[in-house]
Amino acid sequence: MSRTADLVIVGGGIQACSTALHARMRGLSVIVIEKDTVARHASGVNAGGVRRMNRDYAELALSQRSMEIWNRIETLLDDDCGFQRAPQIKVAETEAQLDEMRARVADLNSMGYDHEVVLDQTQLRALVPAVSPHLIGALASLDDGFALPYQTTFAFQRKARALGACFHEGLAVEAVRRQGADWQISCRGGETFTGRYLLNCTGAWAGKLARQLGENAPIEAVAPMMLVTARLPHFCNAVVGGPVGRPLSFKQMANGTVVIGGGRRGTPDPDTNVSEIRFEHLRLSAAAALAIFPIMAQATIVRSWSGLEGFTPDDLPILGRSSTAENAFYACGFSGHGFQLGPGVGEVMAELIATGSTSTPIEKMSIKRFN
Ligand SMILES: Cc1cc2nc3c(=O)[nH]c(=O)nc-3n(C[C@H](O)[C@H](O)[C@H](O)COP(=O)(O)OP(=O)(O)OC[C@H]3O[C@@H](n4cnc5c(N)ncnc54)[C@H](O)[C@@H]3O)c2cc1C
């Protein structure tokens, strides 16, 4: 397999696989180096939420660009990625919460976005009749959805590989350094690679490579947790988020199982590749689900897990070119919401690397904000 390419990507999650595909589509040769296996970490174990709703304003354009790709994902990847459209909604318990939602929608409308709407109690109950009667409305993005994380990341890898990208798994990158106009990338065990462009897609581990470029990528490893219930009769066709104080992401799969996540955290240990469940926190996710859906009193939990994800101090990703090193780039620090962004991140990063600029505004996600 080739040891030299135009672009060497470190990491093998969705951002790496998507960028590899889009870079190949632009004619760049690509090598991806992953220390474990592709999709082994956050990209393979996340909740699969394809959510534009409630994004930081700085991410809106990127999230929209990604959604355009999600809407044609089967044509792009020859795989449906388990993507199905479903409303994403965030419920409100108080008038103050509903007022904030109305203000947000007014802001979005003034910026030209109309994908988010506020639902009153009647509209909410028409959409999701099983919600608790104490909920008085919701913020909604009706044309969002969810997909299957493993299937999606593998589909990007498969298509990138079919177009000629080389994947090296089980190889940990230890050192990167400039050699003339190129990057030399050295792996544990002695293998080396050479690339004109270098892209750091190392998720929860991304701070280490950044330090080698003399840059501060303040990424904290965090372990978001998930649980799955036994099958229940079908009662929910939306992905439901909790209000302030009840972090929750809730969806019912076609087979009747309910998948619950949404912000409760386990214990991360990126040095050993492990994250552990904290059951005293996980039970708060179950309690939030019960508060929103009384029917969950009948549910039995059958499985739970956590995954390693990289969070930044402002919960925005680090995206774009290095501020210190020529031809080095970042796509990391997705702070618990990078799965939806993956297709768009790949397209934007490939555009930036191949042409020197991108039509999607990403300046607010620059690493410069930390240097
Ligand atoms: C439980 C959970 C639920 C989530 N739910 C959602 C959701 O519903 N919707 C959503 O949009 N997002 C969600 N996310 C977030 C989403 O999964 C991530 O933002 C996204 O997968 C990040 O992709 P990535 O490619 O940056 O990172 P990763 O998938 O972590 O990939 C990084 C890869 O880099 C590799 N690597 C690290 N260091 C090196 C090295 N030195 N050499 C070689 N390889 C290296 C790692 O082994 C890893 O495989 C969730 C995350 C978790 C954990």
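Tutor: Rings of Phe, Tyr and Trp, the last taken by its six-membered ring, form a pair if their centres lie within 6.5 Å. The model discussed here is predicted.

Student: Which residues do ring pairs link into a cluster with Trp70?

Tutor: By the rule just given, the count comes to seven aromatic pairs. Ring pairs join Trp70 into a cluster whose other members are Phe83 and Phe339.

Student: How is the aromatic pair of Trp70 and Phe339 classed?

Tutor: An aromatic pair is described by the distance of the ring centres and the angle of the planes. For Trp70 and Phe339 the centres are 5.3 Å apart and the planes meet at 55°. Planes under 30 degrees apart count as stacked and those over 60 as edge-to-face. The angle of 55° belongs to neither class, so this pair counts as tilted.

Student: How many residues apart in sequence are the parts that this pair of Trp70 and Phe339 ties together?

Tutor: Trp70 belongs to helix α3. Phe339 is placed in the loop between β23 (328–332) and α10 (342–355). The pair therefore ties together parts whose separation in sequence, in residues, is 269.

Student: Are Trp70 and Phe339 buried or exposed?

Tutor: The cut-off for buried is a relative accessible area under 20%. Trp70 has 1% relative accessibility, and Phe339 has 6%. Both values are under the cut-off, so Trp70 and Phe339 count as buried.

Student: How many of the 11 residues of helix α3 are buried?

Tutor: Helix α3 spans residues 60–70 and is mostly covered. Its buried residues are Leu60, Leu62, Ser63, Gln64, Arg65, Ser66, Met67, Ile69 and Trp70. Of the 11 residues in α3, the number buried is nine.

Student: How is Ala61 of helix α3 classed by accessibility?

Tutor: Ala61 is found in helix α3 and has a relative accessible area of 22%. Buried requires under 20% and exposed over 50%. The value for Ala61 lies in between, so Ala61 is partly exposed.

Student: What distance separates the C-alpha atoms of Ala61 and Pro361?

Tutor: Along the chain, Ala61 and Pro361 are 300 residues apart. Their C-alpha atoms are nonetheless separated by 6.9 Å.

Student: What distance separates the C-alpha atoms of Phe370 and Ala297?

Tutor: Phe370 is found in the segment after α10 and is buried, with a relative accessible area of 18%. Phe370 and Ala297 are 73 residues apart along the chain. The separation of their C-alpha atoms is 45 Å.

Student: Which residue has the charged end that sits over the ring of Trp183?

Tutor: A charge sits over a ring if NZ of Lys or CZ of Arg is within 6 Å of the ring centre and within 35 degrees of the ring normal. The charged end over Trp183 is 5.1 Å from the ring centre. It belongs to Arg178.

Student: Which residue has a polar backbone atom 2.9 Å from an oxygen atom of the ligand?

Tutor: A nitrogen atom of the ligand is 3.1 Å from a polar backbone atom of Ala47. A backbone N or O atom of Gly336 lies 3.4 Å from a ligand nitrogen. The contact of 2.9 Å with a ligand oxygen is made by a polar backbone atom of Phe339.

Student: What percentage of the area that the ligand exposes when taken alone does the protein bury?

Tutor: Taken alone, the ligand exposes 1000 Å². The share of this area buried by the protein is 94%.

Student: Which element gives the most to the shell around the ligand?

Tutor: The elements giving two or more residues to this shell are α1 (14–25), β2 (30–34) and α2 (42–45). The most, three residues, come from α2.

Student: How many residues of the shell around the ligand are charged?

Tutor: There are 35 residues around the ligand, and Glu34, Ser43, Gly49, Glu309 and Gly338 come nearest. The shell divides into 15 nonpolar residues, 16 polar ones and a charged group. The number of charged residues is four.

Student: Is Cys81 buried or exposed?

Tutor: Asp78 and Cys81 are placed in the loop between α4 and β4. Phi is near 60° in Asp78, and phi of Cys81 is also near 60°. Asp78 counts as exposed at 57% relative accessibility. Cys81 has a relative accessible area of 0%, and therefore it is buried.

Technical notes:
Residues are numbered from 1 along each chain as its sequence is written. This is a predicted model: local features need pLDDT of at least 70, side-chain atom pairs count only at pLDDT 80 or more; totals for chains, interfaces and linings use all residues. Side-chain values use heavy atoms; hydrogens and water are left out. Buried means under 20% relative accessible area, exposed over 50%, partly exposed in between (1.4 Å probe, protein chains only). Helices (H or I, at least four residues) and strands (E, at least two) are DSSP runs, numbered from the N terminus. A residue is near a molecule or strand if one of its heavy atoms lies within 4 Å of it. A polar contact is a pair of N or O atoms within 3.5 Å; within protein, one must be able to donate a hydrogen and the other to accept it, and residues adjacent in sequence count only if both atoms are side-chain atoms. Accessible areas come from the Shrake-Rupley method with a 1.4 Å probe; for residues, only the protein chains shown count as cover. Ala, Val, Leu, Ile, Met, Phe, Trp, Tyr, Cys and Pro count as nonpolar, Asp, Glu, Lys and Arg as charged, and the others, Gly among them, as polar.
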